[in-house]
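Colleague: Could you walk me through this model, starting with how its strands and helices connect?

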Amino acid sequence: LYGMQHGPISLRVSVTDRCQLRCLYCMPADGMPDRSRAQLITCGEIVRFVRFLKSWTGLSKVHITGGEPLLRRGIIRLVERLSREGLADLALTTNGQLLSQRAAELKRAGLRRCNVSLDSLEERTFAYLTRGGELRRTLEGIDAALRCGLRPVKINTVLLRGHNDARVAELARWALGRGCAIRFIELMPLGYARSVFGRLFVPASEARARLE
């Protein structure tokens with residue numbers, strides 16, 4: 001929960017730990033063991049929790065995350081149910097690999113906007129960092145989100161030494177030229193990222209200097 005003291009109250013909900021990518025800074029190459037479905041919070045429980053928080057705290061924003069939330073069974077139905085709760089904002093963060101197929105139905109279900117992870121515009125670098133992701137699919141997903149009105153589309157770029165830190169201006173021009181917002185995110189020494197933090201960390205001040 002964010003905003004309990006000041007401003008609108010926002011909730012981030014992780015609906016799955018599954019992801020079809022194995023990003024270099026996120027998880028090991030062989031992935032992580034999937035939790036059984038019985039261990040996951042159900043869609044009904046998520047909706048009831050949101051309804052409770054809205055009535056008691058004034059919750060106004062819900063952000064759906066993962067893993068990769070578009071891999072969650074029933075994700076469209078969940079978005080539809082949450083949209084009926086009268087929230088001011090309903091968003092979703094995705095790696096974009098399935099977004100071109102789901103953007104229109106997500107919009108119809110009531111999703112307002114989406115964030116898309118994009119660490120490189122170079123096919124080989126993108127494939128290396130994601131361990132097999134297809135850049136084309138993520139770019140098509142961004143275009144599909146823009147076409148159907150999931151705006152603003154926000155691009156999340158994790159700064160990584162030697163991989164994309166010299167390309168921040170290129171990424172910014174690309175995103176802004178398509179009407180997207182872009183956020184350059186510092187790598188955090190959490191979870192699997194602890195093992196690569198020392199060699200990949202880039203401070204935001206460097207990205208700001210390059211942009212200037």
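Colleague: Which handedness does the β-α-β unit of S2, helix H2 and S3 have?

Modeller: Happy to help! This is a predicted model, where local features need pLDDT of at least 70, side-chain atom pairs count only at pLDDT 80 or more, and totals for chains, interfaces and linings use all residues. Residues are numbered from 1 along each chain as its sequence is written, and side-chain values use heavy atoms, with hydrogens and water left out. Strand S2 (residues 61–65) pairs with S3 in the parallel sense, and helix H2 (residues 75–83) joins them in a unit that is right-handed.

Colleague: Which residue of S4 stands opposite Leu 92?

Modeller: S3 runs parallel to strand S4 (residues 113–117), with 4 bridges joining them (strands pair if DSSP finds at least two bridges between them). On the S2 side, Leu 92 has Ile 64 opposite. On the S4 side, its counterpart is Cys 114.

Colleague: How many residues of S3 are buried?

Modeller: Buried means under 20% relative accessible area with a 1.4 Å probe, protein chains only. One side of S3 has Asp 89, Ala 91 and Thr 93, the other Leu 90, Leu 92 and Thr 94, and both faces are covered. For strand S3 (residues 89–94), the count is 6 of 6.

Colleague: How many charged residues are in the lining of the largest pocket?

Modeller: S3 and S4 are among the elements that each supply at least two residues of that lining. The lining divides into 20 nonpolar and 16 polar residues, while the charged ones (Asp, Glu, Lys and Arg) number 11.

Technical notes. Buried < 20%, exposed > 50% of the residue type's maximum accessible area, 1.4 Å probe, protein only. Right-handed = clockwise from strand over helix to strand, strands pointing away.
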